[in-house]
Amino acid sequence: MKILMVLTSHDRLGDTGRKTGFWLEELAAPYYVFKDAGAEIVLASPQGGRPPLDPKSSEPGAQTDATRRFEADADALAALETTTRLDAVSHEAFDTVFYPGGHGPLWDLAEDPASIKLIETTLEAGKPVALVCHAPGALRHAKAPDGTPLVQGKAVTGFTNTEEEAVGLTRVVPFLVEDELRRNGGRFSRGDDWAPYVVADGLLITGQNPASSEPAAARLLAQLANG
């Protein structure tokens, strides 16, 4: 089993002068769900090399057992330093693709042609794709084979408007994940703010927030096991 995890390369939080990137828990928790299941994991990002970490995600209040394990794991840290360029990979080499979130994907992965193509071709090949928190924003330009929005008519979730409002970034982000998924015809549903919530519709799996990253990864493994 070979799994591709796609991280953002974007590190600027709009015009705030603050840094953003990927959210550590959303990488670390799924990483160990996959690793402990015996999967081979490849990390990729639009620019390759080390992707930017959202500094807030490594603050004490955001730490979990998985993040602490990741930060003490020399092999994991080495993989993070040398992510593959996203335009150099394709779905053929992998069984599935997982997108961790953080605010960064709203700026780069949502607009990146290589990312859009990867999502479309992976699903068209009958392989599952999972995205959590802000990463479902990367679906905004993805199309189904008939040219309609990929999420049209599909059950989806992602970082909610109320969660974005709670972190004070509603007017900073380029778009709101919930609004964009709804605009493209997605059947958006949600759980309580900050509680785990995962939705699966066929091969597409989405998770609402950081707490949803581990159960989304587990759901993805179950999907692979069930064919």
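Tutor: Buried means under 20% relative accessible area, exposed over 50%, and partly exposed in between (1.4 Å probe, protein chains only). This is a predicted model: local features need pLDDT of at least 70, side-chain atom pairs count only at pLDDT 80 or more, and totals for chains, interfaces and linings use all residues. Residues are numbered from 1 along each chain as its sequence is written, and side-chain values use heavy atoms, without hydrogens or water.

Student: E180 and R183 meet in a salt bridge; which of the two is exposed?
Tutor: A salt bridge puts a side-chain nitrogen of Lys or Arg within 4 Å of a carboxyl oxygen of Asp or Glu. Both residues lie in helix α6 (residues 177-183), three apart, about one turn; helices are DSSP runs of H or I, at least four residues, and strands are E runs of at least two, numbered from the N terminus. E180 is buried, at 7%. The exposed partner, with a relative accessible area of 57%, is R183.

Student: Which residues share a salt-bridge network with E180 and R183?
Tutor: E180 and R183 are 2.7 Å apart, N to O. Shared partners join them to E111 and R140.

Student: Which residue forms a salt bridge with D36?
Tutor: D36 lies in helix α1 (residues 24-36) and its partner in helix α2 (residues 65-71), so the pair ties together parts 33 residues apart in sequence. D36 is exposed, at 54%. With closest N and O atoms 2.9 Å apart, the partner is R69.

Student: Which residue stands opposite D201 in β9?
Tutor: D201 points to the buried face of β8 (residues 198-201), along with V199. Four bridges join β8 to antiparallel β9 (residues 204-207); pairing takes at least two DSSP bridges. Opposite D201 stands L204.
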